[in-house]
Amino acid sequence: MKKLLAFLFAMVMLMAFTACTVEEQPGDKKEDVTTEDSAEKETNPENTKAETTEPETTAEEKKELSFGSTFTFDDLEITIGNAENITWAKIENQYSDKNGADVIVLPVTVKNLKDETHSLNMFYYSFYGSAGTELGSVSSYFSDTDIGFAGDMRSGASMTSAFHILYDGDGDYYIEFSQFYPTEKIEVKLPITK
């Protein structure tokens with residue numbers, strides 16, 4: 001009896017295994033549809049998906065942003081100050097390894113375009129120095145005058161404050177504005193000479 005049950009069990013397993021490994025045969029309906037779709041795409045190029053086309057960029061999008069530029073980011077209108085308006089500061093904190101370091105003070109005006117209170121999130125922008133490497137944040141040393149600590153604005157309100165950027169030598173500095181959702185990235189080039 002045990003041999004009979006073992007034999008039946010083996011047969012059931014074999015049938016189940018065979019049923020799971022059935023392959024599609026040439027001429028199946030699914031393959032025919034794919035062939036027809038390919039033939040239609042070859043004869044009708046308008047049927048190609050929109051994902052494969054590159055979006056056109058306007059002249060404004062190609063324009064390099066720098067001193068004096070105004071742009072929109074995260075429902076805020078941001079205006080970077082002119083090069084003539086840059087001032088300089090020094091970090092004065094005896095407990096910091098940056099004590100005595102030079103800092104670029106760049107004026108910035110931000111206007112809230114949302115229908116609710118809003119501000120520029122300090123985690124949505126980064127600074128890159130003349131060597132092309134990301135600079136450490138020094139905003140907390142200047143929290144009274146830094147845009148990252150300026151607080152919210154009501155709808156339509158604007159404020160003028162400053163970015164504080166650690167100076168690492170003359171050259172091109174960059175401010176990169178970016179956020180994860182919706183994906184948005186803007187870069188501002190700042191040629192700095194002390």
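**Pocket, strand pairing and salt bridges in the predicted model**

The second largest pocket has a volume of about 200 Å³, a value that, like the others reported here, was computed on a predicted model. Its lining is made up of M122, F123, Y124, Y125, S126, F127, E134, L135, G136, S137 and S139, and these residues divide into 6 nonpolar, 4 polar and 1 charged.

At the level of secondary structure, the protein has 3 helices and 8 strands, and the order of elements from the N terminus is α-α-α-β-β-β-β-β-β-β-β. Of the 194 residues, 28% count as buried.

Strand 1, which spans residues 70-73, shows an alternation of its side chains, with F71 and F73 pointing to one face and buried, and with T70 and T72 pointing to the other face and not buried. This strand runs antiparallel to strand 2 (residues 76-80), to which it is joined by 4 bridges. Among the paired positions, T72 has E77 of strand 2 as its bridge partner, while F71 is partnered by I78. The two strands form a hairpin with 2 residues between them, and D74, which lies in the turn, has a positive phi of about 50 degrees.

Strand 2 likewise presents two faces, a covered one comprising L76, I78 and I80 and an uncovered one comprising E77 and T79. The bridge between F71 and I78 thus links a residue of strand 1 that is buried to a residue on the covered face of strand 2, whereas the bridge between T72 and E77 links a residue of strand 1 that is not buried to one on the uncovered face of strand 2. I78, located in strand 2, has a relative accessibility of 0% and therefore counts as buried, the cut-off being under 20%. The C-alpha atom of I78 is separated by 5.8 Å from that of T109, although the two residues are 31 residues apart along the chain. Strand 2 is also joined to strand 4, in the antiparallel sense, by 5 bridges, and within this pairing I80 stands opposite V108 of strand 4.

Further along the chain, an open sheet of 3 strands has the order 5-7-8, with antiparallel pairing. Strand 5 (125-128) and strand 8 (184-192) stand at the edges of this sheet, and because each has a single partner strand, one side of each is left without a neighbour in the sheet. Neighbouring strands are turned against each other by 15 degrees on average, with direction ignored. Strand 7 (residues 171-179) pairs with strand 8 over 9 bridges in the antiparallel sense, and one of the paired positions is Y174, whose bridge partner in strand 8 is K189. Two residues of strand 5, Y125 and F127, are also listed in the lining of the second largest pocket.

The count of salt bridges comes to 5. In one of them, D102 is paired with K90, with the closest N and O atoms 2.7 Å apart. This salt bridge links distant parts of the chain, since D102 lies in strand 4 (residues 102-112) and K90 in strand 3 (residues 87-90), 12 residues apart. The two partners are set in contrasting surroundings as judged by accessibility, for D102 counts as buried at 18% relative accessibility, whereas K90 is partly exposed, with a relative accessible area of 45%. K90 and D102 are moreover linked with K194 in a network of salt bridges.

A second interaction of this kind involves K189 and D172, whose side chains meet in a salt bridge at 3.6 Å, N to O. Because K189 lies in strand 8 and D172 in strand 7, the pair ties together parts that are 17 residues apart in sequence. D172 counts as partly exposed, at 31% relative accessibility. K189 accordingly takes part both in the bridge pairing with Y174 of the adjoining strand and in the salt bridge with D172. Another salt bridge is found between the side chains of E116 and K114, at 3.7 Å, N to O, and K114, at 24% relative accessibility, counts as partly exposed.

Key: Residues are numbered from 1 along each chain as its sequence is written. This is a predicted model: local features need pLDDT of at least 70, side-chain atom pairs count only at pLDDT 80 or more; totals for chains, interfaces and linings use all residues. Side-chain values use heavy atoms; hydrogens and water are left out. On a 1 Å grid over the protein atoms alone, a cavity is a set of points where a 1.4 Å probe fits but cannot get out, and a pocket is an open set with protein on both sides within 12 Å along at least five of seven lines; lining residues have an atom within 4 Å of a point. Grid points are joined across faces, edges and corners, and a volume is the space filled by probe spheres set on the points. Ala, Val, Leu, Ile, Met, Phe, Trp, Tyr, Cys and Pro count as nonpolar, Asp, Glu, Lys and Arg as charged, and the others, Gly among them, as polar. Buried means under 20% relative accessible area, exposed over 50%, partly exposed in between (1.4 Å probe, protein chains only). Two strands pair if DSSP finds at least two bridges between them. Axes are lines fitted to C-alpha atoms, for helices over the stretch in contact, and angles run from 0 to 180 degrees between N-to-C directions. A salt bridge is a side-chain nitrogen of Lys or Arg within 4 Å of a carboxyl oxygen of Asp or Glu.
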